[in-house]
Amino acid sequence: GLRGHKGWGPAWRSPEPKKRYDVIVIGGGGHGLATAYYLAKNHGITNVAVLEKGWLGGGNTGRNTTVIRSNYFYPESVALYDLSLRLYEGLSKDLNYNVMFSQRGVTNLCHSEPEMEMAARLVNAMRLNGTDAELLDADQLRKFIPALNIRPDARLPIHGAVLQPRGGTGRHDAVAWGYARAADAAGVDIIQNCEVLDFITEGGRCVGVSTSRGDIRADRIGAAVAGHSSVLAEKAGVGLPITSYALQAFVSEPLKPVLDTVLISPVTGTYVSQSDKGGLVIGGGLDRVPSYGQRGNLPVQETVMAGLTEMLPILSKVKLLRHWAGIVDVTPDSSPILGPSALEGLYFNCGWGTGGFKAIPAGGYLFAHILATGAHHDISRPFGADRFTTGRLIDEGAASGIAH
Ligand code: FAD
């Protein structure tokens, strides 16, 4: 059956690193690859290297549950995440690569009347900020998701939900590979198995990196290494307000179509969608203790599955196929960090926590702007690390109730 597929060439080159580039991007996840692509596309800067210590998309980009949404409270956040959603809407065409973006809606459940009031506030804020949102009551929800447990005697009765119809899911590998192929075609060097071990500084400025494949210099260096951001920043003598946690996910055996939206219960932390192959893709909250232990564990599995069967009891006999974890980078206000670091010439794109897959197009777009111009884009300016000294936090943990 695969005979017709002979002779396919690699989708990107594997060049030897040059001694010098205009820009080095550290981290070959979605954000690093998107940054390289938009450096080339939007700014004409193609003398760029992406340095990845492992394989492309082997970090959180290849481990996440692919939920894409912009249901945030503050105007700054909606501007950022809705830019991403809009870029996702045109991404398959832009990259000529099917990223399987499926706008099946994201449905956040409410389990009490006070939660319904907060939901109405969120829906109003989202609409005022120019994105789409609908408030559903229990009857509307029953029609929308017939399998949902809306019985009044449920342990966590369901009163309604916030629906963002334009939200949905995408294909994680395709996002990484699509950006990689397009960046490579524009002349970017993508260098895998190349770990950044240290930074080269001259006159108080970062001028390059020492890697497992030798020293490489550049005018500007951008790091997009997610859960390892504070480890890398420490090598440059830079402190970042990042705490790293394992976040786990699960996939079930394939089923016939049973769920055509992304369903989230913020109270239990459990969320689920159904992949095109039929598997249920299931996630939950962070591990309780910060760590770099990139693996699943049974207590979290038990909690997440309890939340799943509470929402959808018809799934209680479904078998799990796989269970894994990634290391996510959490900031004190649950918003990302984009911009210059305390070391001149070194910039960070991090702090996306549990929600940076949906932000890949915007994160790359804005980080490319910063690296190309040395200055913030209007949308990225509020997300500079300086907010932790000025106190202008964007506390989405409190505002839109996102967990991390
Ligand atoms: P990564 O994809 O982790 O890429 C960083 C890369 O940097 C890695 O490949 C790593 O190997 C490399 N690196 C690290 N150190 C070095 C070094 N010293 N030298 C060279 N390379 C280095 N987000 C959503 O929006 N929706 C979701 O549904 C969602 N679900 C998630 C579920 C799970 C289980 C997890 C773990 C995360 C989830 N996220 C989700 C979060 C999302 O995956 C991340 O925020 C996003 O993928 C971050 O992308 P990135 O490119 O910054 O990081």
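Mentor: A strand is a DSSP run of E with at least two residues, and strands are numbered from the N terminus. Keep in mind that this model is predicted.

Trainee: What makes the place of Thr 211 a strand?

Mentor: Thr 211 belongs to β10, which covers residues 205-211. A run of seven residues meets the minimum of two, so β10 counts as a strand.

Trainee: Why is Thr 211 called buried or exposed?

Mentor: Thr 211 has a relative accessible area of 8%. Buried means under 20%, so Thr 211 is buried. Outside its neighbours within four places in sequence, Thr 211 is in contact with residues including Leu 51, Cys 194 and Ile 216.

Trainee: How do you know that the side chain of Thr 211 makes polar contacts?

Mentor: Compare the distances with the cut-off. The side chain of Thr 211 reaches the backbone nitrogen of Arg 213 at 2.8 Å. A polar atom of that side chain also lies 2.7 Å from the backbone oxygen of Gly 214. A polar contact needs N or O atoms within 3.5 Å, so the Arg 213 distance fits. The Gly 214 distance fits as well.

Trainee: What makes β10 as a whole enclosed?

Mentor: Five of its seven residues are buried, so β10 is largely enclosed by the rest of the structure.

Trainee: How do you know that β10 pairs with β9?

Mentor: Two strands pair if DSSP finds at least two bridges between them. β9 (residues 196-202) and β10 share six bridges, in the antiparallel sense. That passes the cut-off, so they pair. In one of the bridges, Asp 198 has Ser 210 as its partner in β10. The hairpin of β9 and β10 has two residues between the strands, and Gly 203 there takes a positive phi near 55°.

Trainee: What about β10 and β11?

Mentor: β11 (residues 214-223) pairs with β10 over four bridges, also in the antiparallel sense. Gly 208 stands opposite Arg 217 in β11. β10 and β11 form a hairpin with two residues between them.

Trainee: Now the eight-stranded sheet. Which strands stand at its edges, and why?

Mentor: The order is β5-β6-β4-β13-β14-β15-β12-β16, with mixed pairing, and the sheet is open. β5 (134-137) and β16 (320-330) each have a single partner strand, so one side of each has no neighbour in the sheet. Neighbouring strands are turned by 20° against each other on average, direction ignored. Inside the sheet, β14 and β15 run antiparallel and are joined by four bridges. Gln 274 has Leu 280 as its bridge partner in β15.

Trainee: How do you know that the span of helix α4 fits its length?

Mentor: α4 has 16 residues, and 22 Å is expected at 1.5 Å a residue. The model gives 23 Å from first to last C-alpha, close to that value. α4 (residues 113-128) lies across β4, β5 and β6, running at about 155° to β5.

Trainee: Which residues of α4 are buried, and what covers them?

Mentor: They are Met 116, Ala 119, Leu 122, Val 123, Ala 125 and Met 126. The cover includes β4, β5 and β6. Residues three or four places apart point the same way, because an α-helix has 3.6 residues a turn.

Trainee: What makes Ser 112 a cap?

Mentor: A side-chain oxygen of Ser 112 lies 3.2 Å from the backbone nitrogen of Glu 115. The cut-off is 3.5 Å, so this is a polar contact, at the N-terminal end of α4.

Trainee: Why is Pro 165 called partly exposed?

Mentor: Its relative accessibility is 29%. That lies between 20% and 50%, so Pro 165 counts as partly exposed. Pro 165 sits in the loop between β6 and β7.

Trainee: What makes the phi of Ser 334 worth a look?

Mentor: Most residues other than glycine have a negative phi. Ser 334 is not a glycine, yet its phi is positive, about 60°. Ser 334 counts as buried, at 12% relative accessibility. Ala 226 also has a positive phi, about 45°, without being a glycine. At 24%, Ala 226 counts as partly exposed.

Trainee: Last, how do you know that Thr 61 makes a polar contact with the ligand?

Mentor: A polar side-chain atom of Thr 61 lies 2.6 Å from a ligand oxygen. The cut-off is 3.5 Å, so the pair qualifies. Lys 53 has a backbone N or O atom 3.1 Å from a ligand nitrogen. Of the 37 residues around the ligand, Thr 61 is among those that come nearest.

How values were computed: Residues numbered from 1 in each chain as written. Predicted model: local features only at pLDDT ≥ 70, side-chain atom pairs only at ≥ 80, totals over all residues. Heavy atoms only, no water. Axes fitted to C-alpha atoms, helices over the stretch in contact; angles between N-to-C directions. Contact = heavy atoms within 4.5 Å. Expected span 1.5 Å × (residues − 1). Buried < 20%, exposed > 50% of the residue type's maximum accessible area, 1.4 Å probe, protein only. Polar contact = N/O pair within 3.5 Å; in protein donor to acceptor, adjacent residues only side chain to side chain. Near = heavy atom within 4 Å.
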